[in-house]
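Got a few minutes to walk through a structure together? Have a look, then we'll take it question by question.

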Amino acid sequence: MIKRKLLRVYGIVQGVGFRPYVYRIATSLGLRGFVRNDTLGVEIEIEGDEEKIETFKERLRSECPPAASIHRLVEEEIEARGDSNFLILESATGEERETLISPDLATCPDCLRELFDPGDRRFRYPFINCTNCGPRYTIIEDVPYDRPNTTMRKFEMCPECRAEYENPADRRFHAQPNACPVCGPEVWLVNREGEKIRFGDSIRAAARYILEGKIIALKGLGGFHIACDATNDDAVKRLRALKKRGDKPFALMAPDLETVERLCFLNDKERELLTSPRCSILLLEAREDAWKVISRDVAPRNRYIGFMLPYTPLHHLLLRETKRPLVMTSGNLRDEPIVKDNDVALEKLSGIADYFLLHNRDIATRIDDSVARVIDGKEVLIRRARGYVPAPLSLAFTSDKEILALGPMMKSTLCFLRGRRAFLSQYLGDNDIYDNYLYLLEIKERLEKLFGFNPELVVHDLHPDYPTTRLASEMGLPSLAVQHHEAHLASVLAEKGLVDAEVIGVAFDGTGYGRDGRIWGGEFFIGRVGNFERRAHIAYFPLPGGEKAIEEPWRIAFALLKEVLGEEALETPWAVKLRTNHNLEAVLRLAETEKLSPLTSSAGRLFDGVSSLLSIRHRITYEAQAAIELEMAADPKVTDSYEPRFMEDGEDLILDVKALIAEVYDNILRGTPVPMIAAKFHNWLATSVLKFAEFAREERGTDRVVLSGGAFQNRFLLERTLEMLRRKNFQVHFNEKVPTNDGGVSLGQAYTAALLLREGRL
Ligand code: ZN
Ligand code: ZN
Ligand code: FE
């Protein structure tokens, strides 16, 4: 019986070799009709024997190309038209937009083989790609994903490329960025004055400069990188000085997996992630002797190295020449968005880079490298960007309204929520820096255009002065403010698909505006999304000088010590040592007025204070440095803990900080080794979570614990907490798909709004 069916395929189905794959299945079954892209995804009309159409549908799902993913298939029977063959048609453009755009994909093994095959016409061609790999999100300017809607539009394909592009049997059939040395983009090398360097192969020349200790800015996939030889101390030091980078670790790119294996401890999951098409920077534990090879200046006092493997042909060619790990850090000025255009690079980065490796395939949208680590056998994202964005996260229910969440201020992301999907933007940096705020506006518009978003509700942070709070009020839409730490917890529930669960929620974080106007960050909740009750918190302590105290943890340490010892704090050995170059008396006076010394319950700030008390870090050069160095100092063999004490204050429980500091200080005086004290402090926090969880289980009968907030990036803390809770049979959830730091907050904001709407509470 001859039938004709209209199939609509939703999901990541454009730019991933989907149509050629449909074509191959259809023709192998002798079916007729057509396939085409539209703004909703892929549309197929298929005609032929009914049974064969069923087989076709089965194979469509079971043989799906690696980078594609079918989220939904809708079918409808239509009238047979008697077609004689199966065709791939031009894209249709429609009004409604739901196509999912593929994230960028690392060079596939087939392309890599051709890249280094002297007989191949793309031998050493830095823009080789196919339907299984190459740029996607970074070159798309509009949907549907077709060449005229990408930055490849200006390159006209040569006859050979065109033939591949049009041949359904070819790996490059409808590969939009398809190109070759005859017709495609090219690279060139310039000095910082912008003058071309001509001696043969630009990439070889760049590699030679790197090996000589020079610094190179190179245009990559989502923006510029700045590269130098990671084994050359002088080069790394010079890059640090020029980039005004302080001690913040640099990411490295290794030529191959074997190199990483020699320098770091790897498990199977880490090996799998390093070589996946997403190709994130993975934080790996360095082997002892790694630092004999890698400059210690790459990650001062850190036990981890952030490694990634080459993910574009250009990287492969460069690293094949250098044969050693390179620093591969974002090409930007401190804390600004990553640079994506040649002229801007020459203007902004000429004080840093000696040479520039440029190319003429424009970057439509900038995007940073993603950063991940493996915890508890799972991939946990620290920065969600290239390779993940703009693929959406699936939700457990369908929202009737479209929601836009504007995120917090630091490490910001946007989140569009529509139907059952949450679309998180790439990492957008801290939007107290104006250029980053402009970047946020740019990405907001871009996502609205690409996906046809039209939000009906806007969500923002509770903080009255964040730029995004003002933006929300200017949008003229109904709006909702969500408290920072409640949003952190909601982000975990969103990614785990938990809707109605009552949970015990603990947020250990740096900074977030609290419901009482104070700076929160050590919060213990019980409740459900949209209805969290703050039952306990770390006792408030002062931040003398506010923002200044974040940069200078010694101020916090001093304030903490003063809480315990009063004026005598001035005479402690710790204070005496600092005295000569720190104005302790001034800070003492500051600490007396709340206006100049805001109160906080932040776990992050407590880390800072303890770090300084242990003389690990008094001033920081990058965010969370004092806390990170305290983690690095902690001895993992120590299971001893300071005893957490919750004091009753009406309905609230207050986690006693004074008692903790008294014990820490006593240990310092007794000469207890720093690694022991650092570990006991971590264990104190973990034990406080356990104690609160046991209290909450007793009271409410729930045994589900949710952990979120930037402090849980601390592996020691997270693993200890998991261990303790699981031993007492708690079910524990923490962020994996979105960062536990502020990068995941926008998801929690949007999810909170969606749930409140669903329950008619908004
Ligand atoms: Zn490929
Ligand atoms: Zn060509
Ligand atoms: Fe936070």
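Q: Which helix holds Ser491?
A: Before anything else, keep in mind that this is a predicted model. Ser491 has 0% relative accessibility and counts as buried. Its place in the chain is in helix α14.

Q: Which residue lies 256 residues away from Ser491 along the chain, with the C-alpha atoms 5.4 Å apart?
A: Leave out the neighbours within four places in sequence, and Ser491 is in contact with Ser708, Asn735, Val738, Gly744, Leu747 and Gly748. One of these contacts has its C-alpha atom 5.4 Å from that of Ser491, despite the 256 residues along the chain, and that is Leu747.

Q: How are α14 and α24 oriented to each other?
A: Helix α24 covers residues 745–758, and its axis is 7 Å from that of α14. The packing angle is about 85°. Angles of 65 to 115 degrees count as roughly perpendicular, so α14 and α24 are roughly perpendicular to each other.

Q: How many charged residues are in the contact of α14 with α24?
A: On the α14 side, the residues are His484, Ala487, His488, Ala490, Ser491, Leu493 and Ala494. They meet Val745, Leu747, Gly748, Gln749, Tyr751 and Thr752 in α24. Sorted by class, that gives seven nonpolar and six polar residues, and the number of charged ones is zero: there are no charged residues.

Q: Which residues are the protein donors of the iron ion (ligand 3)?
A: The sequence spacing of the donor residues reads H-x3-H-x20-D-x232-D. His488 lies in helix α14 (residues 484–496) and Asp509 in strand β20 (residues 503–513), so this pair ties together parts that are 21 residues apart in sequence. Both His488 and Asp509 are buried. With donor distances of 1.9 to 2.7 Å, and with Asp509 (OD) listed twice, the donor residues are His484, His488, Asp509 and Asp742.

Q: What is the arrangement of the four donor atoms around the zinc ion (ligand 2)?
A: The donors are Cys158 (SG), Cys161 (SG), Cys180 (SG) and Cys183 (SG), lying 2.2 to 2.4 Å from the ion. Four donors count as tetrahedral if all angles lie between 85 and 135 degrees. Around the zinc ion (ligand 2) the angles are 104 to 118°, which makes the arrangement tetrahedral.

Q: How far apart in sequence are Cys161 and Cys183?
A: Cys161 is buried, and so is Cys183. Cys161 sits in helix α4, while Cys183 is in the loop between α4 and β6 (187–191). The pair links distant parts of the chain, at a separation of 22 residues.

Q: How are the donor residues of the zinc ion (ligand 1) spaced in sequence?
A: Cys108 (SG), Cys111 (SG), Cys130 (SG) and Cys133 (SG) coordinate this ion at 2.3 Å. The angles among the four donor atoms are 103 to 121°, and the site is tetrahedral. In sequence, the spacing is C-x2-C-x18-C-x2-C.

Q: Is Ser601 buried or exposed?
A: Ser601 is placed in the loop between β24 (599–600) and α19 (603–613). Beyond its neighbours within four places in sequence, its contacts include Trp520, Glu523, Arg534, His537 and Tyr540. Its relative accessible area is 0%, and under 20% is what the class requires, so Ser601 is buried.

Conventions
Residues numbered from 1 in each chain as written. Chains lettered and ligands numbered in written order. Predicted model: local features only at pLDDT ≥ 70, side-chain atom pairs only at ≥ 80, totals over all residues. Heavy atoms only, no water. Donors = N, O, S within 2.8 Å, 3.2 Å for Na, K, Ca; no water. Tetrahedral: all angles 85-135°; square planar, octahedral: opposite > 155°, others 65-115°. Helix = DSSP H or I, 4+ residues; strand = E, 2+ residues; numbered from the N terminus. Buried < 20%, exposed > 50% of the residue type's maximum accessible area, 1.4 Å probe, protein only. Axes fitted to C-alpha atoms, helices over the stretch in contact; angles between N-to-C directions. Parallel < 35°, antiparallel > 145°, perpendicular 65-115°, else oblique. Contact = heavy atoms within 4.5 Å. Nonpolar A, V, L, I, M, F, W, Y, C, P; charged D, E, K, R; others polar.
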